[in-house]
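Subject: The structure I promised you

Hi,

Here is the structure we talked about, for you to open and turn around while you read. My notes come after it, so keep the two side by side.

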Amino acid sequence: MPTPIRHDYRREEILALFDLPFTELVFRAASVHREHFDPTRVQVSTLLSIKTGGCPEDCGYCPQAARYDTGVAAQKLMDADDVLARARQARDAGATRFCMGAAWRSPKDRDIPKVAAMIRAVRGLGLETCATLGMLSADQALALKDAGLDYYNHNLDTAPEFYDSVIGTRVYQDRLDTLAAVRAAGMKTCCGGIVGMGESREQRAGLLQTLANLPEHPESVPVNLLVQVPGTPLAGTAALDPFEFVRTIAVARLLMPASTVRLSAGREAMNDEMQGLCFLAGANSIFYGEKLLTTDNPETDRDRRLFERLGLSVLTVAPQQDSDASGCGSACACTTGAAEADAEAAMEEVV
Ligand code: SF4
């Protein structure tokens, strides 16, 4: 009998999963993974920052916040033709989803038609579309849906009780409200968080509990490992034990069996062995970053070698074929991440 989809997890039972012996936890997660997915296939998304830096928010992990001196130069919204060219490159390189991230607290109404035009154009290439633009009103969500947006990325970042240790310019309920607006508009959600920000295991459990107890599980759950960018308040945070990160992946897989769990920001710092463990524990999506797959990008070559070493292949799914079960298989910059061009380090709300 397949693992039931639940929305009533208690903190204690999630902590009990975290506390399992590592081998038992990974075995359970790998078993559940097979109920909904082919464990040899990995979905690949590409993320483009369409508006970089200069953000008024104060997310403690983010180099795009204007208030931190991180060397990220603010850029205005990209031209739609340039976005389309990048999307075409991504598609030709094998990406199935194209995520567009903008460093905004929330888009202005005048920005929506411009982003909507990008969405229509990218979709016209046969790619799934995802955007992460900050907080949305109900009307903005509907407009993006009308333009053909498949997924909206909006991360919860961390547990409710740890949120104000990381972000002071908005509250947790703001995130939940935007997620509700996105769902009400009929879009899929890409929603996860960041670990390694100094939170406790109980708070990691709290993040996963909140995600899994949403009215619908996010189709895509990006799990980011903090990238410590000099100049951000979280630079210098004690590093998370890599096995604890794998445990977080495994518990996410167990709580949200039909969601795509994505390795997002922080992957550059993970060795092949750790990434292999993550795939074993139920991760089934990655971001390639925006410097594309067909270019001479060392990072891309490394991913190719990793897939070859592990015998994994890239999932190729046309937008219309993507099922609700596999969900946002990919993801959007959703979480954080790395969206930025050169900032493999950059974490967007995305991702
Ligand atoms: S994570 Fe997003 S909202 Fe927060 S500072 Fe960065 S760009 Fe702004």
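Before anything else, one term you'll need: two strands count as paired if DSSP finds at least two bridges between them. With that in hand, you can look at Ser45, whose bridge partner in β9 is Phe287. Also keep in mind that this is a predicted model.

**The overall picture**

The protein chain has 11 helices and 10 strands. Of its 351 residues, 54% are buried. If you take the contacts between residues at least 6 apart in sequence, 80% of them join residues at least 24 apart. So that you can follow the word "buried" below: a residue gets that label if 20 or more other C-beta atoms lie within 10 Å of its own.

**Strand β1 and its partners**

I'd start with β1, which covers residues 41-51. How many of its 11 residues are buried? The count is 10, and the strand is mostly covered.

Which strands pair with β1? Here is what I found:

- β2 (residues 97-102) runs parallel to β1, and 6 bridges join the two. Lys51 stands opposite Ala102 of β2.
- β9 (residues 285-287) also runs parallel to β1, joined to it by 3 bridges. This is where you'll find the Ser45 and Phe287 pair again.
- β10 (residues 313-315) pairs with β1 in the parallel sense too, over 3 bridges. Arg41 has Ser313 as its bridge partner there.

Now have a closer look at β2. Why is β2 described as largely enclosed by the rest of the structure? Because 6 of its 6 residues are buried. Try viewing β2 along its length: Arg97, Cys99 and Gly101 point one way, while Phe98, Met100 and Ala102 point the other way, and all of these are buried.

**Helices α3 and α4**

Next, find α3 (residues 80-93) and α4 (residues 112-124), which pack at an angle of about 30° with their axes 10 Å apart. Angles under 35 degrees count as roughly parallel, and therefore α3 and α4 are roughly parallel to each other. Their crossing is right-handed.

Which residues make the contact? From α3 there are Ala80, Val83, Leu84 and Ala87, and they meet Lys114, Ala117, Met118, Ala121 and Val122 from α4. Sorted by class, this contact has 8 nonpolar residues, no polar ones and 1 charged one. When you look at how such residues are spaced, it helps to know that an α-helix has 3.6 residues a turn, so residues three or four places apart point the same way.

While you're in α4, stop at Ile112, which lies in this helix. Is Ile112 buried or exposed? It has 20 other C-beta atoms within 10 Å, and therefore it is buried. Leaving aside neighbours within four places in sequence, Ile112 is in contact with Pro107, Gln140 and Ala143. Its C-alpha atom is also 7.4 Å from that of Leu144, although the two residues are 32 apart along the chain.

**Helices α9 and α10**

Here's another helix pair for you. The axes of α9 (residues 242-255) and α10 (residues 272-280) come within 8 Å and cross at roughly 25°. These two are therefore roughly parallel to each other, and α9 passes α10 in a right-handed crossing.

On the α9 side, Pro242, Val246 and Ile249 meet Met274, Leu277 and Cys278 on the α10 side. By class, the residues of this contact divide into 6 nonpolar, no polar and no charged. The buried residues of α10 are Gln275, Leu277, Cys278 and Phe279. After α10 comes Gly282, with a positive phi near 120°.

**One odd spot: Asp157**

Last one, and it's about a backbone angle. Most residues other than glycine have a negative phi. Asp157 is not a glycine, yet its phi is positive, near 75°. Where is Asp157? You'll find it in the loop between β4 (151-153) and α6 (163-166). Even in that loop, Asp157 counts as buried because 27 other C-beta atoms lie within 10 Å.

Have fun clicking through it, and send me your questions!

Cheers

Terms used. Residues are numbered from 1 along each chain as its sequence is written. This is a predicted model: local features need pLDDT of at least 70, side-chain atom pairs count only at pLDDT 80 or more; totals for chains, interfaces and linings use all residues. Helices (H or I, at least four residues) and strands (E, at least two) are DSSP runs, numbered from the N terminus. A residue is buried if 20 or more other C-beta atoms lie within 10 Å of its own, exposed if 12 or fewer, and partly exposed in between; C-beta atoms are placed from the backbone. Axes are lines fitted to C-alpha atoms, for helices over the stretch in contact, and angles run from 0 to 180 degrees between N-to-C directions. Angles under 35 degrees count as roughly parallel, over 145 as roughly antiparallel, 65 to 115 as roughly perpendicular and the rest as oblique. A crossing is left-handed if the near helix is turned anticlockwise from the far one by less than a right angle, and right-handed if clockwise. Two residues are in contact if their C-beta atoms, placed from the backbone, lie within 7 Å. Ala, Val, Leu, Ile, Met, Phe, Trp, Tyr, Cys and Pro count as nonpolar, Asp, Glu, Lys and Arg as charged, and the others, Gly among them, as polar.
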